[in-house]
Amino acid sequence: MSPKTLYDKIWDAHVAHEAEDGTTLLYIDRHLVHEVTSAQAFEGLRMTNRTVRAPDKTIAVPDHNVPTTPDRVNGIENEEGRIQVAALDTNAKEFGIHYYPMNDIRQGIVHIVGPEQGWTLPGMTVVCGDSHTATHGAFGALAHGIGTSEVEHVLATQTLIQKKSKNMKVEITGKLQPGVTAKDITLAVIGETGTAGGTGYVIEYCGEAIRDLSMEGRMTVCNMAIEGGARAGLIAPDETTFKYVNGRAHAPKGAQWEAAMDWWKTLYTDEGAEFDLVVTLKGEDIQPVVTWGTSPEDVLPITAKVPFPEDFTGGKVDAVKRALDYMGLESGTNLTDIEIDTVFIGSCTNGRIEDLRAVADVVKGKKIKDGMRAMIVPGSGLVRAQAEEEGLGDIFVEAGFEWRLAGCSMCLAMNPDQLSENERCASTSNRNFEGRQGYKGRTHLVSPAMAAAAALTGKLTDVRDLT
Amino acid sequence: MDKFEKLQGIAAPMPLVNIDTDMIIPKVHLKSIKRTGFGKNLFDEMRFNRDGTEIADFVLNKPQYRDADILVAGDNFGCGSSREHAPWAIADFGIKCVISTSFADIFFNNCFKNGILPIVLPQEQVDILMADAEKGANARMTVDLVTQEITTSDGDVIKFDVDAFKKHCLLEGLDDIGLTMEKAASIDTFEEKAAQSRPWV
């Protein structure tokens, strides 16, 4: 048998039907659902008298619209947002799918809840009407975002019509330097490949620096595979993965655990398997990074300066001019001289317990800069509870942060947490697009530690300079 | 779904690279629970000032492109969020074909579910079509899915590739779910086998 990549193995285990031209019905093990991209799909089922084929494999949670302030127990003030969440409440009940409502302690961002509850397991296929479904690839699960028509397709058939992607290997060799995190890895990779560099590929991340990451860090890396244009990102499961999964609410138990482990341990890329593209970065070369523009590929080490449009070629020259104008930045400025109005810490990229610990390490016993607006939004109610148990909540409040309830919040600003015009934000989220965090808002993507450092100094800051 | 066979119409040029789905339809317009009515907010923040007045130099506000049927766009069109509201807005506006050097994967798939034909071509050919689009409303372009040919206003013909299955679905206006349900027996069989081999799923 010819050697296979991890992607090949998971793909092969899920082919329900293959046509002569390679068009495949891929079976879906887990379908995650949130309120913004599902209402039209459920409505489609009703209009065609169809049902949810596998309600036991379908898990829903509201996250995009939910307010993150304590008054949300009284409901959502914004009418359209309220209607959207109410529609999910109704659809979950009517179609009999698993559901974590807004005020359940297990509620949170769908990509944090799935792994936390043990729904996401190695070797699975996982989809969701959300591009950051790539997150679940950290478990060695083939996970990607889909549109609403495909949500309806999966609800009705538990399959997706797919053509296989190409295999890409991203290897991060060696060790990371102090102050460098999973977020810096994933941004550095996008800086290298560009936001279209992964188009048509599934990426497998490997190498010592990836192996050394916790599950939280691996989720951060895979989360932004989509920003590199890839269909999905994968990391082969290992002892770190098994340890994280073991004992979770929906993870297998007893004999089933043993059987699962037997298969999970075969989920790695075989010696000699071929990749269509290989990208290698040295772990020790990666610096703490920050984005300066309006595309996640606009990334530079914090020690660098804002670039000049002439540094680029082709269509990117005009895009950079537009980005610098939008961001209100002058070429040649030190990145560390850029003043920040707001800090947002949270999102499916960096809203897990390890991220909050990293922030606490930087801000413990200190105060954020006067006038700084800084909020920390945990990825789930359970992350919040754990942070409080560890005393992190108190550290944040004493430092001057707003310590919020779980949700997507200012990552995409569909709830009341938004930037105003020209407000400049150091954000641990995943997209710095124009208007992403609020109309004319300006986003600099950073790691949690770097966001914490910016909150203290009021400027983009090299966290390694703080002692 | 509407069928797509042949389209003759006005092509609007948008050479900017990395046009993302937040640009195509900003999140403030994602709160509807319907699939229709998004066209009025297509490219909202590029197209309108906050007070609702038009930004005159945005391409779709120019008289010659207000009724555009085709978009010729810069590289990596449709990157970012999976929101199908993006192709819904494009189709609702009246654009049925987008041409670029590359598209983001999810957006590309979403187009085919909504009667929109996304066409990938090499840079040199996109440059030719961009120049043709820049001539304005009198330069009408033709896109023929059956023959897989684009004809410029000067009569130049450019061939394009399209996945055979996706082409078939667009030409016939087929509903994917209906097609898949015809293969229900295969899905049943798969589930029975998987229940044995991976019972924990």
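Two strands count as a pair here if DSSP finds at least two bridges between them. Keep that in mind for one of the stops on this tour of a predicted model.

**The whole chain**

Start with chain A in full view. You'll be looking at 16 helices and 19 strands. The radius of gyration is 21 Å, close to the 23 Å that the globule rule gives for 467 residues, so chain A is as compact as a globular protein of that length. Turn the C-alpha trace around: along its principal axes it spans about 55 × 55 × 45 Å. If you colour by burial, 60% of the 467 residues come out as buried. And of the contacts between residues at least 6 apart in sequence, 77% join residues at least 24 apart.

**The hairpin**

Now select residues 15-18 of chain A, which is strand β1, and residues 24-27, which is strand β2. The two run antiparallel, and three bridges join them. Which residue in β2(A) stands opposite A:Val15? Look across and you'll find A:Leu26. Together the strands make a hairpin with five residues between them. Click on A:Gly22 in the turn: its phi is positive, about 90°.

**Two crossing helices**

Next, pick helix α13 (residues 353-363) and helix α16 (residues 448-457), both in chain A. Their axes come within 8 Å and cross at roughly 35°, and the crossing is right-handed. Show the side chains where they meet: on α13(A), these include A:Val359 and A:Val362, and on α16(A), A:Ala452 and A:Leu456 are among them. By class, this contact has ten nonpolar, no polar and one charged residues. A:Asp355 is one of the α13(A) residues that meet α16(A), so give it a click too.

How values were computed: Residues numbered from 1 in each chain as written. Chains lettered and ligands numbered in written order. Predicted model: local features only at pLDDT ≥ 70, side-chain atom pairs only at ≥ 80, totals over all residues. Axes fitted to C-alpha atoms, helices over the stretch in contact; angles between N-to-C directions. Helix = DSSP H or I, 4+ residues; strand = E, 2+ residues; numbered from the N terminus. Left-handed = near helix turned anticlockwise from the far one by under 90°. Contact = placed C-beta atoms within 7 Å. Rg over C-alpha atoms; globule rule 2.2 N^0.38 Å. Buried ≥ 20, exposed ≤ 12 C-beta atoms within 10 Å, placed from the backbone.
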